[in-house]
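Here is a walk through one structure, from a single loop residue to the cores and then to the pockets. Please keep the sequence and the coordinates at hand while reading.

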Amino acid sequence: MQLTHYNTKFTKRQFPITLVCDNVKNAPNLGSLFRIADAFGIEKLILCGAISLGRKITKTSRATEKVVNYEIQDTALNAILDLKSKAYQIIALEITDTSLPIHSFKFSTEKPMALIIGDENFGVAESILKISDAILHIDMFGQNSSMNVVQATNIALYEITKQLL
């Protein structure tokens, strides 16, 4: 028998992870990020930039915006500097010439973490990459050198929470 969200036996958990979205603006992506935030039990979702929650976001989020702790801030840089001042480990998800494969990185269980994801077209801002404690990427084996921000976030949060369990 296929289970529904009413009869699964998954244990609810919250992980010390804050997901910071650097100018992610596509409504279906934002709605999906709410669902991911709920599914992976992250402590907070911070949306940065000119964001307004509308029908397109709530349609995709499937009401998870009502249960996920979130806030909207003007800039990701200010949000990250605030988290850094609170001893958060700052992890950027971006492909760069110095980024490490996410599966080879050992996540700290000693400090809370901020996972930074970037704009659909331009990625994580250079100013944020410069202050990140680590820049991680997801190895890919096809022709394309990037994937959708939601897909990448799913993979990253799976790897992080798997290590934190």
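In this predicted model, Thr64 is a convenient place to start: apart from residues up to four places away in sequence, Thr64 touches Phe34, Arg35 and Asp38. Thr64 itself sits in the loop that runs between α2 (55-61) and β3 (70-73). Is this loop residue buried or exposed? Thr64 has a relative accessibility of 9%, and because the cut-off for buried is under 20%, Thr64 counts as buried. The side chain of Thr64 also has a polar atom 2.7 Å from the backbone oxygen of Ser61.

The next topic is the nonpolar interior. In soluble globular proteins, nonpolar side chains tend to be buried together. Here the largest nonpolar core has 36 residues, and the members that touch the most others are Leu19, Cys21, Leu33, Ile91, Phe107, Leu115 and Ile117. Two or more residues of this core come from each of β1 (15-22), α1 (27-39), β2 (42-48), β4 (89-93), β6 (113-118), β7 (134-137) and α5 (149-164). Among these elements, α5 contributes the most, with seven residues.

Leu33 can serve as an example of the packing. Leaving out residues up to four places away in sequence, Leu33 touches Leu19, Cys21, Val24, Leu45, Ile117, Val150 and Thr153. Apart from the largest core there is another one, made of 16 residues, including Ala92, Ala114, Ile128 and Ile135.

The last topic is the empty space. Rolling a probe the size of a water molecule over the atoms shows where such space is left. The largest pocket holds about 1,000 Å³. It is lined by 18 residues, of which Phe10, Lys12, Asp38, Ala39 and Phe40 are the closest to its centre. Asp38 is also one of the residues that Thr64 touches. Helices α1 and α5 each provide at least two residues of this lining. Sorted by class, the lining of the largest pocket consists of six nonpolar, six polar and six charged residues.

The second largest pocket encloses about 410 Å³. Its lining is made of 22 residues, and those closest to the centre are Leu93, Glu94, Ser146, Met147 and Ala152. At least two lining residues come from each of β6, β7 and α5. By class, the lining of the second largest pocket comprises eleven nonpolar, eight polar and three charged residues. The element α5 thus appears in the linings of the largest pocket and the second largest pocket, and it also gives the most residues to the largest core.

Note on methods
Residues are numbered from 1 along each chain as its sequence is written. This is a predicted model: local features need pLDDT of at least 70, side-chain atom pairs count only at pLDDT 80 or more; totals for chains, interfaces and linings use all residues. Side-chain values use heavy atoms; hydrogens and water are left out. A nonpolar core is a set of buried Ala, Val, Leu, Ile, Met, Phe, Trp, Tyr and Cys residues joined through side-chain atoms within 4.5 Å. Buried means under 20% relative accessible area, exposed over 50%, partly exposed in between (1.4 Å probe, protein chains only). Helices (H or I, at least four residues) and strands (E, at least two) are DSSP runs, numbered from the N terminus. Contact means heavy atoms within 4.5 Å. On a 1 Å grid over the protein atoms alone, a cavity is a set of points where a 1.4 Å probe fits but cannot get out, and a pocket is an open set with protein on both sides within 12 Å along at least five of seven lines; lining residues have an atom within 4 Å of a point. Grid points are joined across faces, edges and corners, and a volume is the space filled by probe spheres set on the points. Ala, Val, Leu, Ile, Met, Phe, Trp, Tyr, Cys and Pro count as nonpolar, Asp, Glu, Lys and Arg as charged, and the others, Gly among them, as polar. A polar contact is a pair of N or O atoms within 3.5 Å; within protein, one must be able to donate a hydrogen and the other to accept it, and residues adjacent in sequence count only if both atoms are side-chain atoms.
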